[in-house]
Amino acid sequence: MGSGELFGLLGPNGAGKTTTIRILTGLSRCDSGSVRVAGIDCTGNPRAALRHIGVVPDESNLYPELTGFENLCFCASLYGIGRKERRERAHSLLERFGLAEAARRRFAGYSKGMKRKLTIAAGLIHRPEILFLDEPTTGIDVTSAREIRQLLSELHSAGTTILLTTHYIEEAERLCDRIAFMVSGRIAKVDTVRNLLEPLQGLHAMDISFSGDAGTVLAAVTRALPEMAFTRTGPSSLRASASAPFGIGALLRAIEAEGGEVLEARRIRPSLEEVFVRETSIGPEAMKREKERQAKPS
Amino acid sequence: MKGLTAFLSILGKDMRTYYLKPPNISWGLIFPVAWAGMFLVRSGRGLEEVLSILPGIVTVSILFGTTSMLAVTVTFEKKNASFDRLLLAPLPLEIIMLAKTMGAILFGVINGLVPLLIASLITRLSGVSWGLMLAASFLTAVSSTFLGLFVAVAVSEVFEAQTFSNFLRFPMIFLCGLFIPVSSLPVFLRPLSYILPATWGADLLRRAVTGAGAFDATAALAILASMSLLLFAFSLRNIRRKWIT
């Protein structure tokens with residue numbers, strides 16, 4: 001990762017995203033290879049770069065019995081920041097994250113979105129050069145997620161180096177300078193968003209949902225339209241793509257010939273999801289299930 | 001200076017969040033009183049017995065005062081991931097763990113003072129060697145705390161920490177020479193008695209109160225200090241091996 005970069009680690013559950021963050025932040029040791037954080041070799045001493053980093057874990061690790069303000073002050077004190085300075089920083093961050101009114105409330109009583117925002121604020125209290133965020137918007141309401149994305153953009157613009165893990169492909173696409181696709185502990189592909197999307201320039205795609213089994217329909221349309229590519233996206237849906245513009249007539253006929261009825265057809269802008277599926281062979285169906293599972297309130 | 005700021009902050013948070021809660025304060029007051037009452041009733045000799053049971057009551061108060069909260073302050077915090085917040089701070093592990101255990105040490109020493117205060121109201125304590133009493137109380141609290149820490153970091157669940165803690169504490173009361181002198185214990189139990197910090201602490205406290213002890217005071221102080229260092233070092237090793245995976 002370069003300095004000032006916003007780098008995304010994208011992959012399904014079990015890909016190794018959290019483990020990577022734990023290794024980089026000194027909470028786990030690597031089995032092999034080397035670790036450098038902020039120019040410091042942390043391979044032998046996982047805790048060597050702690051002063052330079054801020055960490056926002058996927059589950060908040062703040063203290064439920066302390067107020068929001070006390071939590072931030074406590075976190076600041078762990079970095080040796082004096083009383084007056086830490087109070088000022090805590091007030092400023094609470095203001096910035098829209099939590100000023102909840103400053104004197106116990107953390108245990110915060111909503112999930114507020115908890116996540118305060119956890120990010122705690123990760124920033126010592127003004128780290130590098131911020132690690134593990135699934136920062138998973139499982140929280142839409143408004144809070146939007147606010148957090150906005151905050152991350154602002155931090156990035158201000159020059160903070162950010163490593164972000166996410167299941168949300170569109171979030172990674174919108175926020176990150178570079179993205180690594182991670183599968184089973186390995187980086188399958190890493191590049192800038194622009195470069196990743198490059199092969200899709202000129203690609204035309206359509207999402208189609210229908211009555212009937214996607215497997216049967218997929219076989220039929222692949223036979224009928226060999227010049228096009230098809231991907232199953234759900235139990236009764238698929239995605240059609242081609243390098244030239246195509247009409248829906250031939251597709252409709254092929255599906256109806258299998259006894260299916262087209263319920264919806266929607267042209268889509270080829271996105272990072274296409275690239276992810278191509279590079280990792282993990283279908284959007286699997287990622288969607290992952291998102292739904294993660295988003296369930298605990 | 002930065003380390004001191006963090007140390008005091010961790011200690012202050014633990015004191016406010018855990019140790020200075022009403023249930024703990026009441027436990028710290030009631031427990032020594034109940035033990036003292038129990039022994040006095042059992043002995044049947046009334047108040048003249050106070051001085052002879054005082055070292056035992058102080059030892060037990062310190063032992064329970066120090067070890068009762070570590071399952072929460074350490075094991076529970078690790079379980080709910082808030083301990084990771086400390087592990088992510090740019091502090092030596094030694095400072096983090098000293099800060100996390102200092103609350104237990106202070107609470108144990110204060111618990112040990114309660115029976116002394118009560119005893120001072122009902123009998124004369126003019127013969128007590130206060131310097132030795134202070135040193136013995138402090139080292140007993142430190143060694144008991146680090147014994148509790150050793151258990152707290154060796155397990156991953158709070159109930160495990162509490163269970164193992166009880167398995168250590170209660171037999172310790174009977175093996176540390178409080179009720180039965182170590183020299184009167186069966187030969188096969190004596191080595192066990194010698195490796196318990198409470199044996200040396202209780203003997204030092206007995207010497208401080210009554211002037212008589214089974215072991216040399218300097219040797220007992222050195223052994224307690226060594227046991228404390230060993231237990232702390234083992235605990236740190238366990239944290240590095242098990243918690244930084």
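1. Which residue just after H1(A) takes a positive phi? In this predicted model, that residue is Gly26(A), with a phi of about 85°. A second case sits just after H3(A), where Gly98(A) has a positive phi of about 70°.

2. Helix H1 of chain A covers residues 17–24, and Lys17(A), Ile21(A) and Ile23(A) are buried in it. Viewed down the axis of H1(A), the buried residues fall within an arc of 160°, so they line one face of the helix. The cover over these buried residues includes four strands of chain A, namely S1, S5, S6 and S7.

3. The sheet in chain A is open and has 6 strands, in the order S4-S5-S6-S1-S7-S8, with mixed pairing. Its edges are strand S4 (53–56) and strand S8 (186–192) of chain A, each of which pairs on one side only. On average, neighbouring strands of this sheet are turned by 15° against each other, direction ignored.

4. Strand S1(A) deserves its own point. Of its 5 residues, 5 are buried, so S1(A) is largely enclosed by the rest of the structure. The cover extends to both faces: Leu6(A), Gly8(A) and Leu10(A) are buried on one side, and Phe7(A) and Leu9(A) on the other. As a general matter, side chains in a regular strand alternate between the two faces of the sheet.

5. S1(A) pairs with S6(A) in parallel through 5 bridges, and with S7(A), also in parallel, through 4 bridges. Leu9(A) takes part in both pairings: its partner in S6(A) is Thr165(A), and its bridge partner in S7(A) is Ala180(A).

6. At the S4 edge, S4(A) and strand S5 (residues 130–134) of chain A are parallel and share 4 bridges. Val56(A) has Leu133(A) of S5(A) as its bridge partner. Helix H5 (residues 142–157) of chain A packs on the sheet, where it touches strand S1 (6–10), S5 and strand S6 (161–166) of chain A. The direction of H5 makes about 150° with that of S6(A).

7. Helix H10 (residues 272–280) of chain A lies across S1, strand S7 (178–183) and S8 of chain A. H10 runs at about 40° to S7(A).

8. The geometry of helix H3 (residues 83–96) of chain A is as expected: at 1.5 Å a residue, its 14 residues should span 20 Å, and the end C-alpha atoms are 20 Å apart, which agrees. Arg86(A), Arg89(A), Ala90(A), Leu93(A) and Leu94(A) are buried in H3(A). Down the axis of H3(A), the buried residues fall within an arc of 130°, so they line one face of the helix. Lys84(A) and Glu95(A) are exposed, on the face turned away from the buried side of H3(A).

9. What covers the buried residues of H3(A) comes from two chains. It includes helix H2 (68–77) and helix H4 (112–124) of chain A, as well as helix H1 (2–19) of chain B.

10. By the domain assignment, chain A has domain 1 (6–197) and domain 2 (199–295). The C-alpha centres of domain 1 and domain 2 of chain A are 35 Å apart. Across this boundary, 19 residues of domain 1 of chain A are in contact with 18 residues of domain 2 of chain A.

Terms used. Residues are numbered from 1 along each chain as its sequence is written. Chains are lettered from A and ligands numbered from 1 in the order in which they are written. This is a predicted model: local features need pLDDT of at least 70, side-chain atom pairs count only at pLDDT 80 or more; totals for chains, interfaces and linings use all residues. Side-chain values use heavy atoms; hydrogens and water are left out. The expected span of a helix is 1.5 Å times one less than its number of residues. Buried means under 20% relative accessible area, exposed over 50%, partly exposed in between (1.4 Å probe, protein chains only). The arc is that of the directions from the helix axis to the C-beta atoms. Contact means heavy atoms within 4.5 Å. Two strands pair if DSSP finds at least two bridges between them. Axes are lines fitted to C-alpha atoms, for helices over the stretch in contact, and angles run from 0 to 180 degrees between N-to-C directions. Domain bounds come from an automatic or database domain assignment.
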